[in-house]
Amino acid sequence: MPQNELSLYELNSLLRRVVNKSFPDRYWVRAELSEVRENLSSGHCYLEFVEKSSAGQIIAKAKGMIWSTTYRLLKPYFEGETGQAFSSGIKILVEVSMDFHELYGYSLTVHDIDPSYTLGDMARRRAEILKQLEEEGVLTLNKELEMPVLPQRIAVVSSPTAAGYGDFCHQLKNNSRGFFFHTELFPALMQGDRVEESVLSALDAILNRQEDFDAVVIIRGGGATSDLSGFDTYLLAAACAQFPLPIITGIGHERDDTVLDSVAHTRVKTPTAAAEYLINCMDLAADELEVLISQLHESVRSRLTEEHRKLISYRNRIPSAVVRRVSDAKLALLTTRKDISLAVQTLLSRQRHRLELLQQRLADASPEKMLARGYSITLKDGKVVKNGDVLQLNDEIVTRLYQGEIVSIVTDL
């Protein structure tokens with residue numbers, strides 16, 4: 001039998017002594033959490049750390065754990081500082097000690113955590129999303145939309161059971177000036193792994209009816225700040241940035257803006273603040289309308305005063321104007337009468353001369369004139385004989401001369 005023969009337990013014990021002796025200190029380690037599992041009965045948290053290459057391949061892996069006494073302090077501290085759930089998929093900087101157990105092998109025990117590292121990574125990811133949206137030319141599209149003057153028809157994306165949704169509706173309904181708002185809820189999950197999917201589905205439903213609404217309000221209210229990671233996704237940010245209606249966000253995160261906040265038309269802290277923003281828009285419109293009404297009243301009063309002054313001026317000018325107009329009319333009438341009289345006299349003189357000419361022509365053409373010149377007229381039975389063919393033998397004819405008549409009997413034809 002070889003002299004250096006060892007059992008597995010002996011080998012692992014030897015390795016344990018070597019590890020504990022060689023690495024007695026604690027080390028700050030950067031890693032990504034690939035698994036987070038909390039033991040509900042013991043309160044211990046079991047982890048799996050990984051490191052990935054630039055290509056996304058895992059190049060290192062280690063088990064880890066946080067004892068319950070430490071975990072009860074570290075988890076709320078981390079989530080409170082970062083607004084990020086202590087869950088798989090995040091990058092962390094933790095202080096660990098190394099241990100090697102004969103049965104469980106190599107592991108890291110977490111003693112402390114630095115939230116600022118995770119915050120930096122989260123900020124980097126947000127910055128990358130915002131940069132991508134900017135390069136695509138959509139980052140500020142929603143901000144560039146004009147908020148309607150009277151935003152009264154509101155599509156609300158929220159959880160129907162959220163206290164913030166109730167606060168929002170109550171604030172709108174009980175505004176001091178009695179403005180009317182129509183709100184319609186499009187239910188969505190505001191926490192958990194399905195935030196992105198749920199909110200996108202609600203936005204699609206609103207998009208199909210966009211003509212029915214003036215603006216969209218995405219409100220959360222209540223809940224842990226660690227559930228905000230769902231609002232830091234590219235797909236949701238891109239959808240909101242390109243949405244055709246102004247989007248108002250009030251998801252209750254007062255310290256830092258999420259990516260969704262950064263692309264929305266207007267970002268407020270709480271659902272109540274979102275309601276106050278809409279009421280303020282109505283206030284501004286109402287104030288402007290009151291100013292316009294006041295200006296209109298003043299303009300009408302000024303116009304009436306000016307017109308009254310003109311009427312008085314016209315009334316004072318009427319007598320002199322009437323006298324002048326009557327005088328002008330009399331002069332015109334006299335002139336016209338004179339012109340008519342002259343025209344009538346001229347016309348009568350012309351017609352009288354014409355009648356005299358006609359009378360002379362008629363006199364010249366009368367039978368008496370013809371008879372006076374030596375002509376005669378032959379009559380038979382009182383009718384003028386123009387053709388001898390109408391006469392017969394023994395017909396009695398009368399020849400009328402200028403002076404006297406001759407009665408004859410036809411003896412020859």
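# Worked exercises on a predicted chain

The mean positions of the 47 positive and 56 negative charges of the chain lie 13 Å apart. Keep in mind throughout that this is a predicted model. Here are six exercises to work through with the structure open.

## Exercise 1: Overall form

Task: Find out whether the chain is more spread out than a compact globule or not, starting from its radius of gyration.

Solution.
- Step 1. Begin with the inventory: the chain holds 10 helices and 14 strands.
- Step 2. Now compare two numbers. The radius of gyration is 59 Å, while the globule rule gives 22 Å for 413 residues, so the chain is more spread out than a compact globule.
- Step 3. Turn to the principal axes, along which the C-alpha trace spans about 205 × 70 × 35 Å.
- Step 4. Add the surface: about 26600 Å² is accessible, and carbon and sulfur atoms supply 54% of that. Of the 413 residues, 33% count as buried.
- Step 5. Finish with contacts. Among those with a separation of 6 or more, 61% are between residues 24 or more positions apart.

## Exercise 2: A residue in helix α9

Task: Locate Arg337, decide whether Arg337 is buried or exposed, and give its C-alpha separation from Glu184.

Solution.
- Step 1. Arg337 belongs to helix α9, which covers residues 271-364.
- Step 2. The relative accessibility of Arg337 is 57%; exposed means over 50%, so Arg337 counts as exposed.
- Step 3. Glu184 is 153 residues away along the chain, and the two C-alpha atoms are 86 Å apart.

## Exercise 3: The parallel sheet

Task: Work out the strand order of the open sheet with parallel pairing and name its edge strands.

Solution.
- Step 1. Five strands take part, in the order β7-β6-β8-β9-β10.
- Step 2. The edges are β7 (182-187) and β10 (266-267), each of which pairs on one side only.
- Step 3. Look at one edge in detail: β9 (residues 247-250) joins β10 through two bridges, in the parallel sense. Ile248 has Thr266 of β10 as its bridge partner.

## Exercise 4: The partners of β1

Task: Which strands does β1 join through seven bridges and through six bridges?

Solution.
- Step 1. Seven bridges link β1 (residues 26-38) with β4 (residues 91-101), and these strands run antiparallel. Within this pair, Arg26 is matched by Ser97 of β4.
- Step 2. Six bridges link β1 with β2 (residues 45-52), again antiparallel. Here Glu32 stands opposite Val50.
- Step 3. β1 and β2 also make a hairpin with six residues between the strands, where Gly43 has a positive phi near 85°.

## Exercise 5: The antiparallel sheet and its hairpin

Task: Trace the open sheet that contains β11, β12, β13 and β14, then find the bridges on either side of β13.

Solution.
- Step 1. The four strands are ordered β12-β11-β13-β14, with antiparallel pairing. The edge strands are β12 (383-384) and β14 (405-409), each pairing on one side only.
- Step 2. On one side, three bridges connect β11 (residues 377-380) to β13 (residues 396-400). One bridge pair is Ile377 with Arg400 of β13.
- Step 3. On the other side, five bridges connect β13 to β14. Thr399 is partnered there by Ile406 of β14.
- Step 4. β13 and β14 form a hairpin with four residues between them, and Gly404 in the turn has a positive phi of about 100°.

## Exercise 6: Val407 and Asn394

Task: Describe the setting of Val407 in its strand, and say what sets the phi of Asn394 apart.

Solution.
- Step 1. Val407 is part of strand β14. Its relative accessibility is 54%, so Val407 counts as exposed.
- Step 2. Leaving out residues up to four places away in sequence, Val407 touches Glu396, Ile397 and Val398. The C-alpha atoms of Val407 and Leu379 are 9.6 Å apart, with their positions 28 residues apart in sequence.
- Step 3. Move to Asn394, in the loop between β12 and β13. Asn394 is exposed, with a relative accessible area of 61%.
- Step 4. Recall a general point: most residues other than glycine have a negative phi. Asn394, a residue other than glycine, has a positive phi near 70°.

Technical notes
Residues are numbered from 1 along each chain as its sequence is written. This is a predicted model: local features need pLDDT of at least 70, side-chain atom pairs count only at pLDDT 80 or more; totals for chains, interfaces and linings use all residues. Side-chain values use heavy atoms; hydrogens and water are left out. Two strands pair if DSSP finds at least two bridges between them. The radius of gyration is taken over C-alpha atoms; the globule rule is 2.2 Å times the number of residues to the power 0.38. Buried means under 20% relative accessible area, exposed over 50%, partly exposed in between (1.4 Å probe, protein chains only). Contact means heavy atoms within 4.5 Å. Accessible areas come from the Shrake-Rupley method with a 1.4 Å probe; for residues, only the protein chains shown count as cover. Lys and Arg count as positive and Asp and Glu as negative; His and the chain ends are not counted. The place of a charge is taken as NZ of Lys, CZ of Arg, CG of Asp or CD of Glu.
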